[in-house]
Amino acid sequence: MAIDKTDLYDAVAGTGKALAHGKRLELLELLAQGERPVRELSEAAGLKLTTASAHLQILHEAGLVTTRRQGTSVRYRLAGADVAGLLSVLCEVADNHRAEVESVRRAYLDTENIRTVGREELLRAAEEGRALVLDVRPVEEYRGGHVPGAVSIPLAELAERLAEIPPDVEVVAYCRGRYCVLSYDAVRLLQDRGHDAALLEDGILEWRRDGMPVTAS
């Protein structure tokens with residue numbers, strides 16, 4: 001059977017079809033933090049177990065995720081770092097070129113009165129002792145890889161652990177990626193409690209994509 005260029009593009013389009021669902025993108029963002037079993041993924045994404053399994057199967061068939069068995073559990077992970085990069089670029093392109101995405105993002109994340117900090121500014125301030133870098137993801141995600149020097153206080157524990165944060169430095173929070181609400185909620189909580197707080201313009205997804213240093217523990 002003769003193969004032409006359309007066949008090639010159709011084959012590539014299969015990857016796009018696998019990405020054409022918001023929950024599958026969310027699952028990829030979760031897997032960018034580290035490998036996880038389907039039950040954890042379903043809970044984190046707010047999906048029924050069977051629904052999460054169906055989405056993961058589509059991603060698996062498209063070659064975007066792989067699996068390994070650990071005892072009786074099947075654990076999912078991204079097929080490669082390039083998959084995380086693809087997700088990050090997809091979000092960035094949508095943000096830059098679709099007004100609807102920008103509008104929904106601002107409404108969902110409530111960006112008003114939140115200052116963002118760039119990578120160079122963050123690293124410089126942290127090195128000079130003027131900023132504390134705060135990772136507000138669940139601790140298992142922090143252990144899988146975090147911004148060097150970042151302190152782990154999951155958002156769910158932040159209100160009870162504010163005494164651990166020095167009052168005389170700016171706190172710069174980050175989480176999974178550019179659409180992760182955890183860091184926005186953390187910044188607002190810190191501001192309400194009198195702390196000088198800002199948001200890292202990247203999540204760990206974008207940080208990894210561009211080859212920035214990551215520490216695992």
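By class, how many nonpolar, polar and charged residues does the lining of the largest pocket have? The tour will come to that pocket after two sheets have been visited, and it should be kept in mind throughout that this is a predicted model.

**First stop: the sheet of three strands**

Begin by selecting β1 (36-37) and β2 (65-70), the edge strands of an open sheet, each of which pairs on one side only. Three strands form this sheet in the order β1-β3-β2, and the pairing is antiparallel. Now add β3, residues 73-78, which is joined to β1 by two bridges, with the two strands running antiparallel. To see one of these contacts between strands, display P37, whose bridge partner in β3 is R75.

On the other side of the pairing, β2 and β3 run in the antiparallel sense and are paired over six bridges. Select V65 here, and look for its bridge partner L78 in β3. Following the chain from β2 into β3 takes you round a hairpin with two residues between the strands, where G71 in the turn has a positive phi of about 65°. Before leaving this sheet, select helix α4, residues 49-61, which lies across β2 and β3 and runs at about 115° to β2.

**Second stop: the sheet of five strands**

Next, display the open sheet of five strands, whose order is β4-β8-β7-β5-β6 and whose pairing is parallel. Its edge strands are β4 (116-117) and β6 (151-152), and each of them pairs on one side only. Between β4 and β8 there are two bridges, and these strands run parallel; select T116 to find its bridge partner in β8, which is L199.

Two helices can then be added to the view. Helix α7, residues 119-127, packs on the sheet and touches β4, β5 (131-135), β7 (170-174) and β8, while its direction makes about 115° with that of β5. Helix α10, for its part, lies across β5, β7 and β8, and runs at about 170° to β8.

**Third stop: where α6 meets α10**

Keep α10 (residues 181-192) selected and add helix α6 (residues 99-109), for the axes of these two helices come within 10 Å and cross at roughly 45°. This crossing makes α6 oblique to α10. Show the side chains of R105, Y108 and L109 on α6, together with V181, Y184 and R188 on α10, and you have the residues that make the contact. Sorted by class, the contact of α6 with α10 has four nonpolar and two charged residues, with no polar ones.

**Fourth stop: the largest pocket**

The opening question can now be taken up by turning to the largest pocket, in which about 530 Å³ of space lies. Select G22, L25, E26, E29 and Y179, which lie nearest its centre among the 19 residues that line it. The lining takes at least two residues from each of α2 (22-31), α5 (81-97), α6 and α10, and α2 gives the most, with five residues. As for the question itself, the lining of the largest pocket has 14 nonpolar residues, one polar residue and four charged residues.

**Last stop: the second largest pocket**

The tour ends at the second largest pocket, which holds about 280 Å³ of space. Of the 18 residues that line it, R105, T116, Y184, L199 and E201 lie nearest its centre. Several of these names have come up before: R105 and Y184 take part in the contact between α6 and α10, while T116 and L199 are bridge partners. The elements that give two or more residues to this lining are α6, α10 and β8 (197-200). Which classes, finally, make up the lining of the second largest pocket? By class, the lining has seven nonpolar, five polar and six charged residues.

Conventions:
Residues are numbered from 1 along each chain as its sequence is written. This is a predicted model: local features need pLDDT of at least 70, side-chain atom pairs count only at pLDDT 80 or more; totals for chains, interfaces and linings use all residues. Side-chain values use heavy atoms; hydrogens and water are left out. Two strands pair if DSSP finds at least two bridges between them. Helices (H or I, at least four residues) and strands (E, at least two) are DSSP runs, numbered from the N terminus. Contact means heavy atoms within 4.5 Å. Axes are lines fitted to C-alpha atoms, for helices over the stretch in contact, and angles run from 0 to 180 degrees between N-to-C directions. Angles under 35 degrees count as roughly parallel, over 145 as roughly antiparallel, 65 to 115 as roughly perpendicular and the rest as oblique. Ala, Val, Leu, Ile, Met, Phe, Trp, Tyr, Cys and Pro count as nonpolar, Asp, Glu, Lys and Arg as charged, and the others, Gly among them, as polar. On a 1 Å grid over the protein atoms alone, a cavity is a set of points where a 1.4 Å probe fits but cannot get out, and a pocket is an open set with protein on both sides within 12 Å along at least five of seven lines; lining residues have an atom within 4 Å of a point. Grid points are joined across faces, edges and corners, and a volume is the space filled by probe spheres set on the points.
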